[in-house]
Amino acid sequence: MRKTMLPVFTVIFFALGWALFSLSNTTVSQIQPRTLTLATTTSTVDSGLLDRLNPVFEEKFNAQVHMLSLGTGAALRTAENGDADVVLVHARSAEDAFIEAGFGINRRDVMFNDFIVVGPSNDPANIHNLESASEAFTRIAQTQSLFVSRGDQSGTHQKEQVVWATANINPQGNWHLSVGQGMGNTLLQSSELGAYTISDRGTWLALKDRLNLEVLIEGPVKGGDLILLNPYGVIAVNPAHHSDRDYELAMAYIGFLTSIEAQQMIDDFRIDDEPLFFADALNEQPNFEQYVPQSR
Amino acid sequence: MTWWQFWTESIGQAFSLLITFDTYVWSTIGVSLKVSGLALIFSILIAFPFAALLAYKKFPGREFLRLMVYTGMGFPSVIVGLIVLLLLTQRGPFGEFQLLFTQEAMILAQSILILPLLTGVAMSAMEAVDPLIGEAASSLGAKPLRQVWVMTELAKRGLITATLSGFGRAISEVGAVMIVGGNIVLSQDISLTRTLTTAIIVETRQGKFETALALGLILFLLVLIVNLVVLRLGRMPSSA
């Protein structure tokens with residue numbers, strides 16, 4: 001018997017890993033579907049909505065959706081680089097910039113929900129009676145109460161910046177903490193710190209039982225401040241820039257998300273009996289603003 | 001729920017996930033093993049000969065290369081991920097191969113990540129072998145390659161340490177695989193590029209701490225088993 005066992009155990013190891021993987025992978029490789037790479041946001045993935053929608057699309061078009069759950073900024077950058085076929089994101093100004101730069105085409109509204117401002121129940125900045133998010137932000141800044149910011153150029157972070165800008169405040173100081181994390185982690189961190197933050201309603205609903213936080217400013221879904229509206233758009237990557245991407249399948253996906261069937265599924269989607277997303281792609285009097293950048 | 005219930009629940013969940021043969025968990029384990037295992041093999045194939053060269057042969061620039069190896073051992077995995085991303089993106093130099101967000105990309109990133117560690121530890125082990133043994137072998141008529149082989153055999157324990165620490169760093173790493181793999185799960189609940197570590201991130205992000213900890217325990221068990229097997233094999237009688 002030879003001395004060195006290194007080759008032996010590496011082979012055993014390799015075989016073990018390969019066997020385990022191929023075992024779980026056989027069903028997939030037999031069908032040979034087309035691949036659609038979707039760059040989207042944590043809120044749509046973590047809520048479970050796309051896990052409901054995508055299998056229906058995959059069945060219809062013999063496709064396999066590879067979902068990348070990133071922040072809106074990172075999703076658009078990934079698409080700009082040509083590493084995704086289609087994006088589903090929620091930051092209108094960033095989407096418009098993406099389209100104006102020529103990287104995205106055929107934008108459609110898909111659905112909306114809203115943001116809410118949450119904070120500790122003792123509410124040190126006393127914002128719970130306010131209607132306006134920007135007024136609440138003003139008080140948080142004045143009282144220098146802790147505020148946790150995503151700080152990651154996600155759709156939620158961009159909305160936060162819009163609210164600060166509306167309040168005419170440049171949030172600076174050691175009360176405004178930029179954590180660079182996803183929504184879930186940001187909420188968990190706010191809860192531990194007893195801080196305010198802005199959250200999309202979906203992630204909030206999924207996590208609220210674990211948090212020592214309360215909704216203090218409601219968004220438009222519950223009749224609150226309109227500035228907190230959170231619309232989602234779907235955009236195909238421009239094939240003139242990236243001819244290798246599957247533009248046809250991307251358009252099929254846009255067609256699917258904005259179809260009567262998928263729109264109904266979006267409206268029917270519930271977490272703890274609460275609706276999460278409100279479909280708005282279809283309307284007898286279409287909203288033309290969805291097709292063009294709002295600056296035009 | 002008191003704090004200790006949390007731990008017992010996590011341990012229970014870890015075992016029930018394994019026993020019920022949950023496809024999501026097992027395919028995630030499969031991806032972790034496949035990616036880190038292949039990265040380990042590719043890295044060994046490059047690192048061990050390279051380490052032998054650095055340990056036994058004197059040539060100009062050797063000191064610089066050794067410095068780079070030791071520096072590379074402290075390289076953060078996210079940076080390796082970012083560099084591989086920039087290489088593989090459609091806009092990068094290797095974009096035409098469409099490798100981003102695949103297992104191949106993850107294997108590449110982890111191979112690069114553990115290469116300095118494997119080289120550094122292997123190099124130290126080889127240097128610890130008395131060079132007189134090589135010279136003795138040579139005077140007994142061994143050709144240079146045979147001479148290197150004799151010395152490598154004596155460094156075996158150090159090479160096993162290099163292998164285990166390389167595997168440990170690869171399978172526990174999260175930054176690089178998250179960036180270049182994309183953390184993809186297919187809708188049949190089968191992992192494509194999600195590993196145990198990125199799955200832990202996903203569960204933590206959603207506040208499912210019990211499941212996250214359960215996956216952590218599975219990762220621990222996996223590394224434990226691999227180490228047991230490797231150490232047992234390494235201790236086998238060296239000659240018949």
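In chain B of this predicted model, helix α5 (residues 103-127) and helix α8 (residues 156-172) come within 8 Å of each other, axis to axis, and cross at roughly 160°. The axes here are lines fitted to C-alpha atoms, for helices over the stretch in contact, with angles running from 0 to 180 degrees between N-to-C directions. Helices themselves are DSSP runs (H or I, at least four residues), strands are E runs of at least two, and both are numbered from the N terminus. That angle makes α5(B) roughly antiparallel to α8(B); the label goes to angles over 145 degrees, while under 35 counts as roughly parallel, 65 to 115 as roughly perpendicular and the rest as oblique. The crossing of α5(B) and α8(B) is right-handed, meaning the near helix is turned clockwise from the far one by less than a right angle (anticlockwise would be left-handed).

Who does the touching? On the α5(B) side the contact includes B:Leu113, B:Leu117, B:Val121 and B:Ala125, and on the α8(B) side B:Gly158, B:Ala162, B:Gly166 and B:Arg169 are among the partners. Contact means heavy atoms within 4.5 Å. Sorted by type, the residues of this α5(B)–α8(B) contact come out as eleven nonpolar, six polar and one charged. In that tally Ala, Val, Leu, Ile, Met, Phe, Trp, Tyr, Cys and Pro are nonpolar, Asp, Glu, Lys and Arg are charged, and the others, Gly among them, are polar.

Now to another pair in chain B. Helix α6 (residues 131-139) packs against helix α7 (residues 144-154) at about 140°, with the axes 9 Å apart, and α6(B) and α7(B) are therefore oblique to each other. This one is a right-handed crossing too. B:Pro131, B:Ile133, B:Gly134, B:Glu135 and B:Ser138 of α6(B) meet B:Gln147, B:Val150, B:Met151 and B:Leu154 of α7(B). That set splits into five nonpolar, three polar and one charged.

A third pair in chain B joins helix α2 (residues 23-56) and helix α10 (residues 196-205), whose axes come within 8 Å and cross at roughly 135°. So α2(B) is oblique to α10(B). B:Tyr24, B:Thr28, B:Ile29 and B:Ser32 of α2(B) touch B:Leu196, B:Ala199 and B:Glu203 of α10(B), a mix of four nonpolar, two polar and one charged.

Stepping back, chain B has eleven helices and two strands, in the order α-α-α-α-α-α-α-α-α-β-β-α-α along the sequence. Its C-alpha atoms fill a box of roughly 70 × 50 × 30 Å along the principal axes.

Over in chain A, the domain assignment (automatic or from a database) gives domain 1 (34-113 + 230-290) and domain 2 (115-228). Their C-alpha centres lie 26 Å apart, and 16 residues of domain 1 are in contact with 16 residues of domain 2. Together the two domains bury about 1,300 Å², 58% of it on carbon and sulfur atoms; buried area is the accessible area (1.4 Å probe) that two parts lose on being put together, summed over both. In domain 1, A:Asn113, A:Asn230 and A:Glu274 lose the most area to domain 2, together 31% of what that side buries.

Some bookkeeping: residues are numbered from 1 along each chain as its sequence is written, and chains are lettered from A and ligands numbered from 1 in the order in which they are written. Local features need pLDDT of at least 70 and side-chain atom pairs count only at pLDDT 80 or more, while totals for chains, interfaces and linings use all residues, and side-chain values use heavy atoms, leaving out hydrogens and water.
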